[in-house]
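Work through these exercises with the structure open beside you. Try each task before reading its solution.

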Amino acid sequence: MEELSAFSEREFIPTAKMAQTNPQPGQLGPWKVTIYDQENYQGKRMEFTASCPNIMECGFDNVRSFKVESGAWFGYEHTNFCGQQFILERGEYPRWESWSGSNAYHVERLMSFRPICSANHKESKVTLFEKENFMGQQWEVHDDYPSLQAMGWGNNEVGSMKVHSGAWVCYQYPGYRGYQYILEADHHGGDYKHWREWGSHAQTFQVQSIRRVQQ
C-alpha cells in the first residue's frame, strides 16, 4: 500500500486560495479523518485534520472509503463544497453506500469535505416553519425524529428553519432516507429563510425526518 505523509489543509492549499474556498478558514479543532482511494481502506491513504476543498489537489481522483476518527464532517459530491451533502460521523465507511444514506440516489463521488464546527449533540435546537420566511405553522425540535408526520407535523413541507444551536441533518423521507441537508447554527446566524438555502444541491422542500449531528 502506498502511504502519503499526513498533513493538514494549510500545508497543501495556498493561503489566498484557502480563504476563497474554505467556508470556515483558520478553524482547527478535534477532527481527524483518513481517506483512501480504493474501497475497503485499500490503496493510497491520507489523514486530514482540517477541511479539503479539492481532493484532486492531493493526488486523489475520488474518495472510495474513509474512517472518521474524531469529530463530525460534511462530505460533498463535488469540489469546493458543492453538490449533494453527506453527514460523516465517527466510524468507518468502506464503500459509497455507507455514507450516501439513501438507496434512491446513486452518488459515488466524494470530492471535498470539512469539519462541522457547530456540532453539539447534547445542546441542539431548531425551529421548523411550514412556509418560507419563517411563516405558517412552526415547531421547536430538540430531539431526533425518524418521522415528523408521526410526531405531529401536519405535512411533509418545511419552507424555512431557524437553527438555534448545534447542527442538524434533515432528510427527504422518513427513516433518515433521501436527500440530506445539513444545517448549522453558525451558518448565517442559523437562519434559513428559504429551503433553497439548505445547500447548493437543494431539490425539494420535502422534509420527513430530522436528527442531531453527533460530535
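## Exercise 1: A salt bridge between two strands

In this predicted model, the side chains of glutamate 69 and lysine 32 form a salt bridge, with 3.7 Å from N to O.

**Task.** Which strands hold glutamate 69 and lysine 32, and how many residues apart in sequence are the parts that the pair ties together?

**Solution.**
- Step 1. Check the distance. The cut-off for a salt bridge is 4 Å. The pair has 3.7 Å, N to O.
- Step 2. Place the residues. Glutamate 69 is in strand E3 and lysine 32 is in strand E1, so the pair ties together parts that are 37 residues apart in sequence.
- Step 3. Judge the exposure. Partly exposed lies between 20% and 50% relative accessible area. Glutamate 69 has 34% relative accessibility, so it counts as partly exposed. Lysine 32 has 26%, so it counts as partly exposed.
- Step 4. Look for further partners. A network of salt bridges links Lys32, Arg45, Glu47 and Glu69. The structure holds 11 salt bridges.

## Exercise 2: The sheet around E1 and E3

**Task.** What is the order of the strands in the open sheet that contains E1 and E3, and which strands are at its edges?

**Solution.**
- Step 1. Read the order. Four strands form an open sheet, E2-E1-E3-E6, and the pairing is antiparallel.
- Step 2. Find the edges. Strand E2 (42-48) and strand E6 (91-93) each pair on one side only, and they are the edge strands.
- Step 3. Note the twist. On average, neighbouring strands of this sheet are turned by 15 degrees against each other, direction ignored.
- Step 4. Zoom in on one pair. Strand E1 (residues 32-38) and strand E3 (residues 65-70) run antiparallel and are joined by five bridges. Tyrosine 36 has serine 65 in E3 as its bridge partner.

Recall the general rule: strands of a sheet pair through backbone hydrogen bonds, either parallel or antiparallel.

## Exercise 3: A second sheet

**Task.** In which order do the strands of the open sheet with E8 and E10 lie?

**Solution.**
- Step 1. Read the order. This open sheet of four strands runs E9-E8-E10-E13, with antiparallel pairing.
- Step 2. Find the edges. They are strand E9 (135-141) and strand E13 (191-192), each pairing on one side only.
- Step 3. Count the bridges in one pair. Five bridges join strand E8 (residues 125-131) to strand E10 (residues 160-165), and the two run antiparallel. Lysine 125 has serine 165 in E10 as its bridge partner.

## Exercise 4: Strand E7, inside and out

**Task.** Are the residues on the two faces of strand E7 buried or exposed?

**Solution.**
- Step 1. Recall the pattern. In a regular strand the side chains alternate between the two faces of the sheet.
- Step 2. Sort the residues of E7 (residues 112-115). Ser112 and Arg114 are on one side, Phe113 and Pro115 on the other, and all are buried. Both faces are covered.
- Step 3. Find the pairing strand. Four bridges join E7 to strand E4 (residues 73-78), and these strands run antiparallel. Phenylalanine 74 stands opposite arginine 114.
- Step 4. Follow Phe113. Among the residues that phenylalanine 113 touches are Val33, Ile35, Phe48, Trp73 and Phe81. The largest nonpolar core has 22 residues, and Ile35, Phe66 and Phe113 touch the most other members. E1, E2, E3 and strand E5 (82-88) each give two or more residues to this core. Another core, of 21 residues, lies apart from it and includes Trp139, Tyr145, Leu148 and Met161.

## Exercise 5: Two more salt bridges

**Task.** Is arginine 114 buried or exposed, and what about arginine 212?

**Solution.**
- Step 1. Take arginine 114. At 7% relative accessibility, arginine 114 counts as buried.
- Step 2. Take its partner. The side chains of arginine 114 and glutamate 184 meet in a salt bridge at 3.2 Å, N to O. Glutamate 184 lies in strand E12 (residues 177-184) and arginine 114 in strand E7, so the pair ties together parts 70 residues apart in sequence. Glutamate 184 is buried too, at 2% relative accessibility.
- Step 3. Take arginine 212. Its relative accessible area is 14%, so arginine 212 is buried.
- Step 4. Take its partner. Aspartate 144 forms a salt bridge with arginine 212, and the closest N and O atoms are 2.9 Å apart. Aspartate 144 is in the loop between E9 and E10, and arginine 212 is in strand E14 (residues 209-212), 68 residues apart. Aspartate 144 is partly exposed, at 24%.

## Exercise 6: How far to trust the model

**Task.** Where does pLDDT stay under 50?

**Solution.**
- Step 1. Start with the whole chain. Its mean pLDDT is 80, and 80% of its residues reach 70 or more.
- Step 2. Find the weak stretch. Over residues 1-28, pLDDT stays under 50.
- Step 3. Draw the lesson. Where pLDDT is low, the predicted coordinates should not be read in detail.

Notes: Residues are numbered from 1 along each chain as its sequence is written. Side-chain values use heavy atoms; hydrogens and water are left out. Two strands pair if DSSP finds at least two bridges between them. Axes are lines fitted to C-alpha atoms, for helices over the stretch in contact, and angles run from 0 to 180 degrees between N-to-C directions. A nonpolar core is a set of buried Ala, Val, Leu, Ile, Met, Phe, Trp, Tyr and Cys residues joined through side-chain atoms within 4.5 Å. Buried means under 20% relative accessible area, exposed over 50%, partly exposed in between (1.4 Å probe, protein chains only). Contact means heavy atoms within 4.5 Å. pLDDT is the predictor's confidence in each residue, from 0 to 100. Lists of a residue's contacts leave out its neighbours within four places in sequence.
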